[in-house]
Amino acid sequence: MTTTATQDPRETPGAGRPAREHASSSGTAGASGAPGAALAVLPGVLASALAWTDAHRTRFALPDDVLEPHTQVNATLKPLGELAQLGSTIRRTTAPGTPEHEVAGDLVAYAWEQLHEGALLLELLRAEPFAAYPYEIYAAFAGYGLRHEGFEALARPLTATRAWAHTEQHANRQLGLVNSERRVGVVTHTDAGGVLSRTWLGGLSEPWMFEGPSGYALTHTVFHLTDWGRMPDRVPGKIDGYLRTWLPAWADGCLESGQWDLTGELLAVAASLPGPAPAELLDAVWPVLADVQHPTGCVPETGVPVQDPAPDPYPFIDCYHSTLVTAFAAALSLRSLRQRDERTDETTPGRERHTP
């Protein structure tokens, strides 16, 4: 979904405390935060990130020439697809009637309108029948219940071709295509388990080989495997144990180097694991990321957080994804921690369970 900057944030000019100081002042993944620290900041982080995204929704609007060959997909359709994907997950993860639930739903509806309720994706598929990205964007809406009959009528024969089944791509990307097929409701072109075994994560790679590209490959492997956190039980036991062991060290490294976008994705992975939430990790990392978040709600991808009180302290392209990821990870983390508390209420003898 994005790439990792390699510049040391401590060398980045600008106001604000260095990332290392942010981490040390609030605790890091290597030093457990106070119990409940994540729950103390998560509602505000989620609400603020969504408010910023909603206030900047027009920045996701597609240009009139979006179908022209010269138009950059990564600057137009990609951000809109991410808005749909992460917004739909937040909508499903938050409680009906809450402001966050309603805002997330409005953002997905806005993205669908930008695509002319799927008609624009049909035009893209006609122009580029060999491309997977129109299908993957469509699947984000189909999984949410928004469908376009014409798109699916054309996609069915295309996804049955030999070329579709043998498109050459990285294993985590192929896993994403398998998940898109699941969402649309067609027979997958290959077995997800076989694809998973070829990913960096599925191979249980040496943890000290973790760096930016492998980190994003890892997080997206989990997102595709679990349908963006909706199905944690799809994570095999060995991978679950591997992630629970090494996520704290990886998150600590991301905090120290100011990789806020990747930190958010790792938090989303932590909240997508089956079983009890990794509360110590969430309690250690979330207060740091909350401190990085600007008062307007946006979160920079990398570098020293600025202290500029301006409404837009960062260029949109440098913060939209990390802000969306922060909201996505916050919604998943709240769900995971609250489910843990519910399990505790149900299993602790003599403890009376209260419901609001």
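**Empty spaces and two helices**

About 50 Å³ of space lies in the largest cavity of this predicted model. A search of the whole structure finds 1 cavity of 30 Å³ or more. Rolling a probe the size of a water molecule over the atoms shows where such empty space is left. The lining of the largest cavity is made up of Gln85, Ser88, Thr89, Arg92, Ala140, Gly143, Tyr144, Arg183, Asp227 and Arg230. Helix H3, which covers residues 77–93, gives the largest share of this lining, with 4 residues. Sorted by class, the residues around the largest cavity are 2 nonpolar, 4 polar and 4 charged.

One residue of that lining, Arg183, also appears among the buried residues of helix H9. Helix H9 runs through residues 171–184, and its 14 residues reach 20 Å from the first C-alpha to the last, close to the 20 Å expected at 1.5 Å a residue. Of these 14 residues, 12 are buried, so H9 is largely enclosed by the rest of the structure. The buried set consists of Ala171, Asn172, Gln174, Leu175, Gly176, Leu177, Val178, Asn179, Ser180, Glu181, Arg183 and Val184. The cover over them includes H3, together with helix H6 (133–142), helix H7 (149–159), helix H8 (162–165), helix H10 (192–196) and helix H11 (212–225). Helix H3 thus turns up twice, in the lining of the largest cavity and in the cover of H9. Just after H9 comes Gly185, with a positive phi of about 100°.

Helix H12 can be followed in a similar way. Its 21 residues, 237–257, reach 30 Å from the first C-alpha to the last, close to the 30 Å expected at 1.5 Å a residue. Along the way, H12 bends by about 40° at Trp246, and the proline Pro248 follows within four residues. Buried residues in H12 are Ile239, Asp240, Tyr242, Leu243, Leu247, Trp250, Ala251, Cys254 and Leu255. After H12 comes Gly258, whose phi is positive, near 70°.

Pockets, too, leave room in the model. The second largest pocket holds about 250 Å³ of space. Its lining has 13 residues, and Thr93, Thr94, Ala95, Leu334 and Arg338 lie nearest the centre of the pocket. Helix H2 (37–55) and helix H15 (320–347) each supply at least two lining residues, and the largest share, 6 residues, comes from H15. By class, the lining of this pocket divides into 5 nonpolar, 4 polar and 4 charged residues.

Methods. Residues numbered from 1 in each chain as written. Predicted model: local features only at pLDDT ≥ 70, side-chain atom pairs only at ≥ 80, totals over all residues. Heavy atoms only, no water. 1 Å grid on protein atoms, 1.4 Å probe; cavity = no way out; pocket = protein on both sides within 12 Å on 5 of 7 lines; lining within 4 Å. Points joined across faces, edges and corners; volume = space filled by probe spheres on them. Nonpolar A, V, L, I, M, F, W, Y, C, P; charged D, E, K, R; others polar. Expected span 1.5 Å × (residues − 1). Bend = angle between axes of the 7 residues up to and from the residue. Buried < 20%, exposed > 50% of the residue type's maximum accessible area, 1.4 Å probe, protein only. Contact = heavy atoms within 4.5 Å.
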